[in-house]
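Please find below some comments on the structure under discussion, set out point by point so that each can be checked against the coordinates.

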Amino acid sequence: MTIEKRYDFVFLFDVQDGNPNGDPDAGNLPRIDPETGMGLVTDVCLKRKVRNFVQMTQNPNTHDIFIREKGILNNLIDEAHEQESVKNKEKGEKTEAARQYMCSRYYDIRTFGAVMTTGKNAGQVRGPVQLTFSRSIDPIITLEHSITRMAVTNEKDASETGDNRTMGRKFTVPYGLYRCHGFVSAHFAKQTGFSETDLELFWQALINMFDHDHSAARGQMNARGLYVFEHSNDLGDAPADTLFKRIQITKKEGVDAVRSFDDYIVSVNGQDLAATKLYHKLG
């Protein structure tokens, strides 16, 4: 059964001594707002981690992933057109049948949507779950570290340098707490078949995905808060912006350089919400 209510949510996560989302156009430096110094993490980065968590924990027959590492998208679209439920359709109905098959099989299409017009055409889907860029609560500092490897790539490098050490660079953020806003539309859920079970899996992925995505480059990343506003109907009871303002984050008095989540105070105002309900999934 597809969801019947609208949801808005605030997601908090942090990084310590790592690079949460490097920018390939800037030498993999942590993404940053140049005017304010606030750190940024793209929505695509978080969606990738959600996809990885679902792919690792769920049955691929019902929760397969469309946008996956080394995947060839046109081949997957072509596979949809080979299904009995699709290839027996009239020409004008094949695209819609292929779209329905793709939504039923691929969790990330049901959730985030996809453009599937590059192969035999399975249409275009606008997903019910959308995320903003995440922005750090305070300006971040980017540190650059010189690193060495006690080996070379090939014999030529060894003969030219006379040494077996290779120099490199690594960029880290000492600490940053990031805030992301998200939206779940019941209207678009009906188009993709996004269900209550799918929604619960999405919450689980946000809470647990960093625990299964550790790497030396990303340092230590943790989910710190997930605050979900559940509306009483599919259109919603209040503008999302007014709800998001109920989650306030401030530095503790006397803290100059933030280096842990404990240096912050998260204030949650759950009063006078009328029909909207506030759930603390985490935090």
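The numbered points that follow go from the overall architecture to helix packing, cysteines and individual residues.

1. The first remark concerns the nature of the model and its overall layout. The model is a predicted one, and the protein in it has 10 helices and 14 strands. Its C-alpha trace spans about 70 × 60 × 35 Å along the principal axes, and of the 283 residues 43% count as buried. Among contacts with a sequence separation of 6 or more, 72% are accounted for by residues that lie 24 or more positions apart.

2. Helix packing deserves a careful look, beginning with α3 and α5. Two packed helices are described by the distance between their axes and by the angle between those axes. For helix α3, residues 73-81, and helix α5, residues 94-105, the axes come within 9 Å of each other and cross at roughly 115°. The two helices are therefore roughly perpendicular to each other, and the crossing in which α3 passes α5 is right-handed. On the α3 side the contact is made by Leu76, Ile77, Glu79, Ala80 and His81, while α5 contributes Lys94, Ala98, Tyr101, Met102 and Arg105. Divided by class, the residues of this contact are six nonpolar, one polar and three charged.

3. The pair formed by α1 and α9 can be described in the same terms. The axes of helix α1, residues 43-57, and helix α9, residues 196-208, come within 9 Å and cross at roughly 110°, and α1 and α9 are therefore roughly perpendicular to each other. Val50, Phe53 and Val54 of α1 make the contact with Leu201, Phe202, Gln204, Ala205, Leu206 and Asn208 of α9. By class, the contact of α1 with α9 holds seven nonpolar and two polar residues, and no charged residues.

4. What, then, of the cysteines, and how many disulfides does the structure hold? The structure holds zero disulfides. The closest cysteine sulfur to that of Cys45 is in Cys180, and because the separation is 10 Å, the two are too far apart for a bond. Starting from Cys180, the closest cysteine sulfur is likewise that of Cys45, at 10 Å, which is too far for a bond; the cut-off that matters for this step is 2.5 Å between the sulfur atoms. Both side chains also merit a note on accessibility: Cys45 counts as buried at 11% relative accessibility, and Cys180 is buried with a relative accessible area of 0%.

5. Cys180 appears again in the surroundings of Val10, a residue of strand β1, which covers residues 7-18. Val10 counts as buried, because its relative accessibility is 0%. With neighbours within four places in sequence left aside, Val10 is in contact with Arg179, Cys180 and His181, with Gly225, Leu226 and Tyr227, and with Phe244 and Ile247. For a reference distance, the C-alpha atoms of Val10 and Phe188 are separated by 20 Å, and these residues are 178 residues apart along the chain.

6. Asp78 belongs to helix α3, the helix discussed in point 2. Is Asp78 buried, partly exposed or exposed? Asp78 is partly exposed, because its relative accessible area is 23%, a value to be read against the limit of under 20% for buried residues. Not counting residues up to four places away in sequence, Asp78 touches Gly119 and Lys120. From Asp78 to Lys245 there are 167 residues in sequence and, C-alpha to C-alpha, 45 Å in space.

7. The last point concerns backbone geometry, since two residues other than glycine have a positive phi and could usefully be inspected. Phi of Asn28 is near 70°, a positive value in a residue other than glycine, and Asn28 is found in the loop between β2 (22-23) and β3 (29-30). With a relative accessible area of 42%, Asn28 is partly exposed. Phi of Ala274 is near 60°, again a positive value in a residue other than glycine, and the place of Ala274 is in the loop between β13 (264-268) and β14 (277-282). Ala274 is exposed, with a relative accessible area of 78%.

Note on methods:
Residues numbered from 1 in each chain as written. Predicted model: local features only at pLDDT ≥ 70, side-chain atom pairs only at ≥ 80, totals over all residues. Heavy atoms only, no water. Buried < 20%, exposed > 50% of the residue type's maximum accessible area, 1.4 Å probe, protein only. Axes fitted to C-alpha atoms, helices over the stretch in contact; angles between N-to-C directions. Helix = DSSP H or I, 4+ residues; strand = E, 2+ residues; numbered from the N terminus. Parallel < 35°, antiparallel > 145°, perpendicular 65-115°, else oblique. Left-handed = near helix turned anticlockwise from the far one by under 90°. Contact = heavy atoms within 4.5 Å. Nonpolar A, V, L, I, M, F, W, Y, C, P; charged D, E, K, R; others polar.
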